[in-house]
Amino acid sequence: MLGRACAFVLIPALLAAQPHFAAHRLKTLRDESVTGYALQERTLVTWGGQLLWRGLPQGDYRVVRGAGRAFAEGGCLLDVDGDGRLDIAVNESGPEAALVWFRNPGGRGPWQRHVIDTGVDAPDMMPATLLGHRGILLIHKRAQLRFYEIPPNPAARWPSQDVYSFYSPSHQGGLRMADIDGDGHPDILAGMYWIRSPESFELPWHIFAITLWNETPESAMLQSSYAPLTGPTPDLVLAQRNVTPARLAHFTKPADPRQLWIEQRIDSVPDLGAVSSLEIADFDGDGRPDILIAEGEGAGRLMVLRNQGGGRFEPSVLARGQPVHFARVADLNGDGRPDIIAIGDAGIVWWENQR
């Protein structure tokens with residue numbers, strides 16, 4: 001039985017506007033801290049003091065690893081060993097800060113832990129295939145773009161390749177992949193840069209600045225999304241995740257993407273707190289993509305910026321008053337409408353889109 005969320009202060013007047021969301025509490029978090037998560041379709045994995053695998057929206061869960069050594073923020077889901085089941089890669093914290101993966105037993109037996117590498121600190125991490133090589137892409141210590149390739153024996157240590165090292169006044173955060181220059185090879189979006197793919201794996205990658213948000217060490221620690229927003233071609237949307245007030249803007253790719261991209265600031269949210277999550281989806285069904293924003297600081301708002309066209313966005317606040325650590329778009333009930341999963345200190349909440 002799904003409960004009504006009690007961890008947020010709801011805003012009934014705004015919930016009555018389009019789109020309309022109903023809040024369901026999937027899990028109350030009491031002694032369970034959440035430092036990171038991964039979501040794929042209806043599988044949610046969370047970690048902090050322990051590592052848990054949940055089916056959504058029912059909220060059933062399996063304990064992958066109980067209380068013990070703490071986990072850091074970074075992690076992702078991927079089929080490491082090719083058996084058709086999603087495994088978990090996650091960054092353990094502590095002196096060695098190990099990057100590890102847990103093999104999915106398919107419901108039979110314990111999850112087996114394997115070390116990929118030690119000394120890794122990577123809050124940004126994603127599964128990736130680079131020019132035919134499959135593995136994990138991450139930003140190490142907020143300054144080094146690194147790729148770990150799955151070896152023939154994935155239980156052994158994984159070989160790594162440093163794709164690029166950033167020499168900037170600011171740390172770099174935010175990680176995506178997309179074919180920026182249209183050559184058929186996926187490029188990498190990392191922080192305030194895009195890194196162009198070579199023709200073959202052994203050749204060097206080349207870096208180009210998108211913007212110059214580098215005034216402080218935290219200026220380019222970003223949340224990012226790359227998808228159509230103002231037209232048929234993708235826009236890059238960036239928001240600062242460790243700065244309050246935070247900048248929020250969308251960037252249009254110029255004819256020559258090696259030049260600085262065209263910035264348009266989104267100022268419809270006053271005093272925007274450090275942005276913990278940012279995604280693009282058409283929540284109200286009007287054909288214009290909207291922006292999901294969650295604040296990890298400040299007013300602690302979970303909101304949808306409704307696309308009014310012409311570069312204008314109207315905020316609809318779903319909840320406020322509790323910092324939102326993570327929020328993602330997912331259609332949990334299969335009705336074709338984008339829902340929202342939000343994780344805060346007190347619980348995991350499914351915001352069901354009922355437009």
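**View 1. Pro245 sits in the loop between strand S21 (residues 234–240) and strand S22.** Everything you see here and in the other views belongs to a predicted model. Follow the backbone back from Pro245 to Thr244, and you'll find that a cis peptide bond joins the two. Its omega angle is about -5°.

**View 2. Here's another cis peptide bond, this time joining Leu56 and Pro57.** Omega is about 0° for this bond. To find your way around, look for the loop between strand S6 (51–55) and strand S7 (61–65), as that's where Pro57 is found. While you're in this part of the sequence, check out Tyr61 too: Arg54 lies over the face of its ring. The distance from Arg54 to the ring centre is 5.6 Å.

**View 3. Ala97 has a positive phi, near 45°, even though it's not a glycine.** You can spot Ala97 in the loop between strand S9 (87–92) and strand S10. Is Ala97 buried or exposed? Its relative accessibility is 13%, and anything under 20% is called buried, so Ala97 counts as buried.

**View 4. Arg142 is another residue other than glycine with a positive phi, near 60°.** The loop to look for runs between strand S13 (133–140) and strand S14 (144–149), and Arg142 is found there. Arg142 comes out at 27% relative accessibility, so it counts as partly exposed.

**View 5. Phe71 and Phe102 make an aromatic pair, one of 9 in the structure.** How do the two rings sit relative to each other? Their centres are 6.4 Å apart and their planes meet at 65°, so this pair is edge-to-face. Phe71 belongs to strand S8 and Phe102 to strand S10 (residues 99–103), so the pair ties together parts that are 31 residues apart in sequence. Phe71 and Phe102 are each buried.

**View 6. Tyr226 and Trp261 form an aromatic pair with a tilted arrangement.** The ring centres are 6.5 Å apart here, with 50° between the planes. Tyr226 is part of strand S20, while Trp261 is in the loop between strand S22 (248–252) and strand S23 (262–265), so the pair ties together parts that are 35 residues apart in sequence. Tyr226 is buried, and Trp261 is buried as well.

**View 7. His250 is a buried residue in strand S22.** Its relative accessible area is just 3%, and that's why it counts as buried. So who's around it? Leaving out residues up to four places away in sequence, His250 touches Leu229, Thr230, Asp235, Leu236, Val237, Ile262, Glu263, Gln264, Ile266 and Phe313.

**View 8. Ser165 belongs to strand S15 (residues 160–165).** At 21% relative accessibility, and with the cut-off for buried set at under 20%, Ser165 counts as partly exposed. Now find Leu145, 20 residues away along the chain: its C-alpha atom is 6.1 Å from that of Ser165. Setting aside neighbours within four places in sequence, Ser165 is in contact with Ala143 and Gln144.

**View 9. Arg312 is part of strand S27 (residues 312–320).** Which residues does Arg312 touch, if you skip those up to four places away in sequence? They are Arg306 and Asn307. Then look for Ala156, which is 156 residues from Arg312 in sequence and 51 Å from it in space, C-alpha to C-alpha.

**View 10. This is the largest pocket, with a volume of about 1,000 Å³.** Its lining is made up of 39 residues, and Tyr37, Pro123, Asp124, Met125 and Gln223 lie nearest the centre. The elements giving two or more residues to the lining are strands S4 (34–40), S8 (71–78), S12 (124–130), S16 (175–178), S20 (222–228), S24 (275–281) and S28 (324–330). Which element gives the most? That's S4, with 6 residues. Sort the lining by class and you get 18 nonpolar, 13 polar and 8 charged residues.

Technical notes
Residues are numbered from 1 along each chain as its sequence is written. This is a predicted model: local features need pLDDT of at least 70, side-chain atom pairs count only at pLDDT 80 or more; totals for chains, interfaces and linings use all residues. Side-chain values use heavy atoms; hydrogens and water are left out. On a 1 Å grid over the protein atoms alone, a cavity is a set of points where a 1.4 Å probe fits but cannot get out, and a pocket is an open set with protein on both sides within 12 Å along at least five of seven lines; lining residues have an atom within 4 Å of a point. Grid points are joined across faces, edges and corners, and a volume is the space filled by probe spheres set on the points. Helices (H or I, at least four residues) and strands (E, at least two) are DSSP runs, numbered from the N terminus. Ala, Val, Leu, Ile, Met, Phe, Trp, Tyr, Cys and Pro count as nonpolar, Asp, Glu, Lys and Arg as charged, and the others, Gly among them, as polar. Contact means heavy atoms within 4.5 Å. Rings of Phe, Tyr and Trp (its six-membered ring) pair if their centres lie within 6.5 Å; planes under 30 degrees apart count as stacked, over 60 as edge-to-face and the rest as tilted. Buried means under 20% relative accessible area, exposed over 50%, partly exposed in between (1.4 Å probe, protein chains only). A charge sits over a ring if NZ of Lys or CZ of Arg is within 6 Å of the ring centre and within 35 degrees of the ring normal.
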